[in-house]
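Let's take a walk through a protein model together. Have a look at the picture first, and then we'll go through it bit by bit.

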Amino acid sequence: MKKELALELNRYLANIGVSYVKLHNLHWNVVGKDFKAVHEYLETLYDGFAGVLDSVAELLKMSDCTPAASMKEYLELASVQELASKKIKTTEALAIVLSDMEILKSQAENIRKAAALDDEYPIVSAMEDDLKEYSKTIWFLNAMSK
């Protein structure tokens, strides 16, 4: 695996890691009239991210690269921003998650394209799987926000 692709995968891993923690924050601190539905939906999202986190780390390990594995590294590499612990209304929580999912989808698209150029088919396949999930999640979030 080329060094730049490994770096992009680690940036993606960092964004997944920050998102995983951020989704817990939102899940624990969301309030509002749609609390139950949003609270439960956020849990399904972070549960799914645990698998993505592991899959991306394994892609790096399969290529003899070291995955970022600490919050310090994640925060240095991530473009998804942390969120302070505070009460947050359901509509704002959905908007935050939508924005982050769009960042992750764009990042996965770029990694997929770069991996295809380098014939890194396991990475291409993984990113295609992730893109399918991001597209569905973005659709769900848009529908829930209406």
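What follows is a short tour of some salt bridges and a surface patch.

Before we start, this is a predicted model, where local features need pLDDT of at least 70, side-chain atom pairs count only at pLDDT 80 or more, and totals for chains, interfaces and linings use all residues. Residues are numbered from 1 along each chain as its sequence is written, and side-chain values use heavy atoms, leaving out hydrogens and water.

Let's begin with the salt bridges (a side-chain nitrogen of Lys or Arg within 4 Å of a carboxyl oxygen of Asp or Glu). The structure has six of them. One joins K36 to E40, at 2.4 Å from N to O. Both residues sit in helix α2, four residues apart, which is about one turn of the helix. Helices here are DSSP runs (H or I, at least four residues) numbered from the N terminus. K36 counts as exposed because its relative accessible area is 53%, while E40, at 38%, is partly exposed. The cut-offs are under 20% for buried, over 50% for exposed and in between for partly exposed, using a 1.4 Å probe and protein chains only.

Now, which residues are joined into one network by salt bridges that share partners? They are E4, E8 and R11. R11 and E8 come within 2.3 Å, counting their closest N and O atoms, and for E4 and R11 that distance is 3.8 Å. R11 is partly exposed, at 29%.

Last stop: M71, in helix α3 (residues 71–77). M71 is partly exposed, since its relative accessibility is 36%.

How values were computed
Helices (H or I, at least four residues) and strands (E, at least two) are DSSP runs, numbered from the N terminus.
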